Amino acid sequence: MPSTTEQTIYLSDYKEFSHFIDGVELTFQLSPTKTRVKSKIHFRPNPKAPEQAFFLHGEHLKLISAHIDGVKISPTLTETGLTAEVPNGPFIFEAEVEISPETNTALEGLYMSNGMYCTQCEAEGFRKITYYPDRPDVMATFKVRVESALPVLLSNGNSGTSDEGFAEWHDPWPKPAYLFALVAGDLIAHTDSFTTKSGKDVALNIYVRPGDEDKCAFGMGALKRSMRWDEDVYGREYDLDIFNIVAVDDFNMGAMENKGLNIFNSSCVLASPETSTDANFERIEGIIAHEYFHNWTGNRITCRDWFQLCLKEGLTVFRDQQFTGDMRSHAVKRIDDVITLRARQFREDNGPLAHPVRPESFVEINNFYTATVYDKGAEVIGMLKRLVGDENYKRALDLYFGRHDGDAATIDDWLKVFEDTTGRDLTQFSKWYSQAGTPRLSVTDEFSDGTYILHFKQATPPTPGQPVKDPRVIPIAVGLLNPNGDEVRETCILEMTEAEQSFRFTGLSTKPIPSILRAFSAPVILERQSSTKERAFLLAHDTDPFNKWEAGRALAKETLVAMLTADAPVNSDFLDALAAVLRDENLDPAFQALALALPSQDDIAQTLFDVGVTPDPMAIYTALETLSQSIAQHLQDLLPRIYAANHVEGPFSSEAAPAGKRALQGAVLGLISRLDGGDQARAQYTAADNMTQQLQALACLLRIDRGQTELASFETQWAQDRLVMDKWFGLQSGLAAPQKAAAITETLTKHAAFDWKNPNRFRAALGGLTANTAGFHAADGAGYKLVADWLIKLDAANPQTTARMSTAFDSWRRYDAGRQGQMIEQLKRIQATPNLSRDTHEMVTRILGSDA
Ligand code: 0A1
Ligand code: ZN
């Protein structure tokens, strides 16, 4: 059993807190193991709250003293907090506590990273800093005084008085405790400024450790683009005099939107051409935007309770996706997002961890920062926008910001805004928030007398706790092409609301070829029998870029499934279709690169499982290798020309166009390497002046089991760069040949630079292995065992990262009895670990389910 008693929290149990807070004053006297935190909180009774004892959260705190209205009190202390007798009217609560940031390896609350103090309070970390009603619906203004000899002392809001040894900050915007932040360290600022639409000057800083200052310029540009975009597209201005970003090396997640003081995992903000890939640049821009956009969607309007997490996360992901589309390419961004959605969210939705976008219960809220809440949450907003139209979406958002500014709101509030704007009843639509599982949408068609009919059926498989599902509202974007490739019906949205429903198109002269679920208009699995010819036709002619790509993806999957289940040879129509894509000079190279990429091993495993076939990870690996080899041979005459034509000259730019060319060049290099034994890749490795090309070349070599010399020289070159060395670790465990993957990873964990307490490094090495599907699932069970050993070790230090990484085992039901047995054995071993954290215990218990 876990150390803390497990208690399940239910949405239906929500009740308001007993008091409002009229202001909070905090003083921090920083010291590595004896930080003193003094708090002064102005409470006032909440007349609407139900009867309850006065309770403040608090964990791992040493209470030095507590006072109410200046009178010393002796509150009752438990493992989770404090209760006290309080006056009937308003009162001032004061406490002094002692905490130890240096020994806080969980990276939650106030902790230290490389001599710097920093905080992470979402979701429930503030209670590890002081006694407080640590819940998002209790909002207050904060005044913070930080005392320390360190040169940079930061907190939320605008800066107040400061001098040697202290700094004061005042945040005028009421906020929940999870948005509190404090940073203290020997940091260097990369400084800039931004003038808002209404003419207000905002000071901008990115704070980094000395040595990283040359990696801030891109992030700063991204921040300014985000600020301008939110003004232009959503009419949202920034609301403080200063916006600070701080980079820290030890961080459990990507970044955190603390009011006016965003804290970033250094991997999500530091960038330079020599050390960051094109993918890194795009991700950094997206995350900076995401955290900045939270200022309105999350901070000004926050969540009433953690069941409403998708209110801020779904919307903010949706906004960052729109932003990246605007900055780069909407088509490419949509394809990338769907690849991620399928890999992470569909996997979650089809396994033991499936839960609704708005869950109804949890044991540990940190376990619900999931692909479902974030990415499906964003998809649900995309569907809503499609259903009401762009104009109504804009009006609804204006109403949302106007009506709920300063509120801790709910999903019901969010939907009501759309109902009030459009007069629509969203009762059925709201099932997207309450029902888990990915709907299967099957479709058949018929044509006669100029009328074309599409018949749809929807069904959602059972998920844990939800055996039966109601039909959902599904916006299905459809366009029709005629056999010569012309579009005869432009995209329209079919609004499916029934379990079975048909839609007709009249006045057609020939039977059209349908393009269904354009732009991936709903997060469903589309099931449609179709011919290779028709798929190849759509890959060549569809005007919708997503479905054009999707046609190629379907071809690839069909080929692989036939190879795996019927011993079929590689489908030559697929190879010809790929050649046509590569030859088409009108296509965006980034799109061509995506078309060349094959589905992942995990995707094929899930696909086989869905059609009732037990996946064999090694056979999937081999089929993908065979297919890649066939593609390389089939395209061999084209490859050198495409490689050369996409060479980017001149100084490095991270913009979409050159990045797209490099992506295509890299995809082509992967194929060339299968033909020339790695010569071209070695040449690219030597000539590369940027990380994208250097890493591409190294990856190509590792994939063909070469590249040992380059691995060694890479290590020598980059030994001093933490983020680049994470790539070095991840590449080796991630791309190792299946039989060797566990052993190679184990060797990596013995490397002097394997700092297992650093989440980035741990994720690079062990996460690389879990992402290496055939390696992780090697039949001897060595991958399972190694990962479980390390999860058990990490859990004692960092429950959050352990719990997240335990999801590697969530696919156990897909596999054969032997693998199932081995995975269950490891899960049970983790579960039985003495003092296992509540986080990890909840995860492995859910993964095992009731029948394991
Ligand atoms: N709100 C942040 C993500 C985040 C969540 C939890 C964390 O610690 C448990 C840290 C960051 C975001 O959406 O970016
Ligand atoms: Zn977020």
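Helix H3 is mostly covered in this predicted model, with 17 of its 19 residues buried. The helix runs over residues 309-327. From its first C-alpha to its last, H3 reaches 27 Å, close to the 27 Å expected at 1.5 Å a residue.

The zinc ion (ligand 2) is coordinated by His 290 (NE2), His 294 (NE2) and Glu 313 (OE), at 1.9 to 2.0 Å. Along the chain these donors follow the spacing H-x3-H-x18-E. The arrangement around the zinc ion (ligand 2) is tetrahedral because its four donor atoms subtend angles of 98 to 125°, and four donors count as tetrahedral if all angles lie between 85 and 135 degrees. For four tetrahedral donors the ideal angle at a metal is 109.5 degrees.

The two histidines of the site are listed below with their relative accessible areas.

| Residue | Relative accessible area | Class |
|---|---|---|
| His 290 | 8% | buried |
| His 294 | 0% | buried |

Both values lead to the class buried because the term means under 20% relative accessible area.

The second largest pocket holds about 1000 Å³ of space. Its lining has 32 residues, and the closest to the pocket centre are Ile 9, His 57, Glu 124, Arg 127 and Arg 135. Strand S1 (9-10) and strand S4 (54-57) are the elements that give two or more residues to this lining. By class, 13 of the lining residues are nonpolar, seven are polar and twelve are charged.

Notes: Residues numbered from 1 in each chain as written. Chains lettered and ligands numbered in written order. Predicted model: local features only at pLDDT ≥ 70, side-chain atom pairs only at ≥ 80, totals over all residues. Heavy atoms only, no water. Donors = N, O, S within 2.8 Å, 3.2 Å for Na, K, Ca; no water. Tetrahedral: all angles 85-135°; square planar, octahedral: opposite > 155°, others 65-115°. Buried < 20%, exposed > 50% of the residue type's maximum accessible area, 1.4 Å probe, protein only. Helix = DSSP H or I, 4+ residues; strand = E, 2+ residues; numbered from the N terminus. Expected span 1.5 Å × (residues − 1). 1 Å grid on protein atoms, 1.4 Å probe; cavity = no way out; pocket = protein on both sides within 12 Å on 5 of 7 lines; lining within 4 Å. Points joined across faces, edges and corners; volume = space filled by probe spheres on them. Nonpolar A, V, L, I, M, F, W, Y, C, P; charged D, E, K, R; others polar.
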